[in-house]
Amino acid sequence: MIMDMTKSTPLTWSHTISHSLHLPAPLFTTQARSFRVLCASHQTPKGNQMIISITGATGFIGRRLVQRLHADNHSVHVLTRSKSKAQEIFPVKDFPGIKIAGEPEWKDSIQGSTGVVNLAGLPISTRWSSEIKKEIKESRIRVTSKVVELINSSPDDTQPKVFVSATAVGYYGSSETQVFDEQSPSGKDYLAEVCREWESTALRVNGDARVALIRIGVVLGKDGGALAKMVPLFMMFAGGPLGSGKQWFSWIHLDDIVNLIYEALLNPSYKGVINGTAPNPVRLSELCEQLGYVLGRPSWLPVPDFALKAVLGEGASVVLEGQRVLPTQAKKLGFPFKYSYVKDALKAILS
């Protein structure tokens with residue numbers, strides 16, 4: 001559920017299993033460099049510098065996490081299967097000192113790292129087939145398994161101290177009535193199965209490495225995804241909920257999920273499962289109402305189930321079904337959410 005969306009289909013949400021939402025760059029003028037300036041006020045003393053290796057670094061969350069770590073003077077190793085793509089996203093002139101590591105170089109990058117962040121996996125925004133469903137699961141298991149193997153095979157003096165691995169709220173299945181937190185059991189659908197195997201693979205890390213599993217909700221940000229599909233509809237006065245609108249929408253602002261991962265790298269109290277969702281999930285109808293309000297457009301024309309199913313087939317379940325997930329553990333840990341209410345998050349993104 002977390003990745004760079006490269007093959008989205010009309011009417012899709014550009015969902016990864018983490019439900020990352022990205023807005024297209026032309027809608028906004030903010031560039032990556034401006035983010036680095038915003039973060040520059042929080043400089044890390046040299047004695048506290050980390051070396052962080054990241055899979056999925058070229059994706060929606062990964063890009064912002066790299067920017068944040070780099071701005072705070074930490075060393076970043078981008079673990080990628082496409083060095084050319086990573087070099088294009090993180091040019092040397094803007095990101096001096098970042099190491100771009102192709103797959104044969106992952107071992108050397110992970111050994112000696114302070115921590116590893118695992119955000120990789122195939123996008124799920126296309127129409128599902130048996131082959132696509134197999135690859136959605138296997139891409140996550142394959143990368144996670146490789147990273148775990150490399151951590152476990154590191155000599156004790158070079159083994160990373162912390163492993164932060166993404167998973168998703170799809171773990172819980174879907175429900176219009178239940179409330180889920182970190183103690184809730186897993187669901188029984190396909191995405192729940194993917195998340196269970198994803199998590200169990202990550203937990204095979206041995207030694208003294210601390211493991212934090214972040215079950216990520218729908219990430220709201222400026223660079224693409226569901227909002228990118230919804231905003232044009234609203235601007236044409238035709239925006240509205242997808243399906244019934246009663247399904248729950250467990251969201252989190254991009255800044256908050258990046259800060260949560262960052263905190264998990266630094267803070268030894270962050271371990272085990274932590275839900276990466278805002279404290280106040282909403283029904284999809286409310287999200288659309290707030291989106292319409294922020295954009296000054298009505299929210300009245302629902303996109304019918306059959307239209308989504310025609311495009312996405314079984315994959316439409318990602319959009320048409322949801323779950324109400326609460327960040328119980330993050331709140332216990334005292335994590336300071338910057339955006340607790342979707343209205344404030346949407347204003348910050350779209351203003």
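A residue is called buried here when its relative accessible area is under 20%. The structure described below is a predicted model.

**Helix α2**

By that cut-off, eleven of the twelve residues of α2 are buried, so this helix is largely enclosed by the rest of the structure. The buried residues of α2 are Phe 60, Ile 61, Gly 62, Arg 64, Leu 65, Val 66, Gln 67, Arg 68, Leu 69, His 70 and Ala 71. From its first C-alpha to its last, α2 reaches 17 Å, close to the 16 Å expected at 1.5 Å a residue. After α2 comes Asn 73, which has a positive phi, near 70°.

**The nonpolar cores**

In soluble globular proteins, nonpolar side chains tend to be buried together. The largest nonpolar core of this model has 40 residues, and those touching the most other members are Ile 54, Ile 61, Leu 69, Val 78, Val 117, Val 164 and Ile 257. At least two residues of this core come from each of β1 (51–55), α2 (60–71), β2 (75–79), α3 (83–89), β5 (162–168), β7 (210–216) and α8 (254–266). The helix giving the most to this core is α8, with eight residues. Apart from this core lies another, of 22 residues, including Leu 284, Ala 307, Val 342 and Leu 350.

Val 164 shows what such a core member touches. Not counting neighbours within four places in sequence, Val 164 is in contact with Val 116, Val 117, Asn 118, Ala 212, Ile 214, Ile 261, Ala 264 and Leu 265.

**Two buried residues**

Val 258 lies in helix α8, while Ser 109 is found in helix α4 (residues 106–110). Their relative accessible areas are listed here.

| Residue | Relative accessible area |
|---|---|
| Val 258 | 1%, buried |
| Ser 109 | 0%, buried |

With neighbours within four places in sequence left aside, Val 258 is in contact with Ile 61, Arg 64, Leu 65 and Arg 68. These four contacts of Val 258 are among the buried residues of α2. One of them, Arg 64, is 194 residues from Val 258 in sequence, yet the two are 6.9 Å apart in space, C-alpha to C-alpha.

Ser 109 has its own set of contacts. Residues up to four places away in sequence aside, Ser 109 touches Ser 53, His 77, Leu 79, Lys 99 and Ala 101. Of these, Ser 53 falls within β1 (51–55), and His 77 and Leu 79 fall within β2 (75–79).

Key:
Residues are numbered from 1 along each chain as its sequence is written. This is a predicted model: local features need pLDDT of at least 70, side-chain atom pairs count only at pLDDT 80 or more; totals for chains, interfaces and linings use all residues. Side-chain values use heavy atoms; hydrogens and water are left out. A nonpolar core is a set of buried Ala, Val, Leu, Ile, Met, Phe, Trp, Tyr and Cys residues joined through side-chain atoms within 4.5 Å. Buried means under 20% relative accessible area, exposed over 50%, partly exposed in between (1.4 Å probe, protein chains only). Helices (H or I, at least four residues) and strands (E, at least two) are DSSP runs, numbered from the N terminus. Contact means heavy atoms within 4.5 Å. The expected span of a helix is 1.5 Å times one less than its number of residues.
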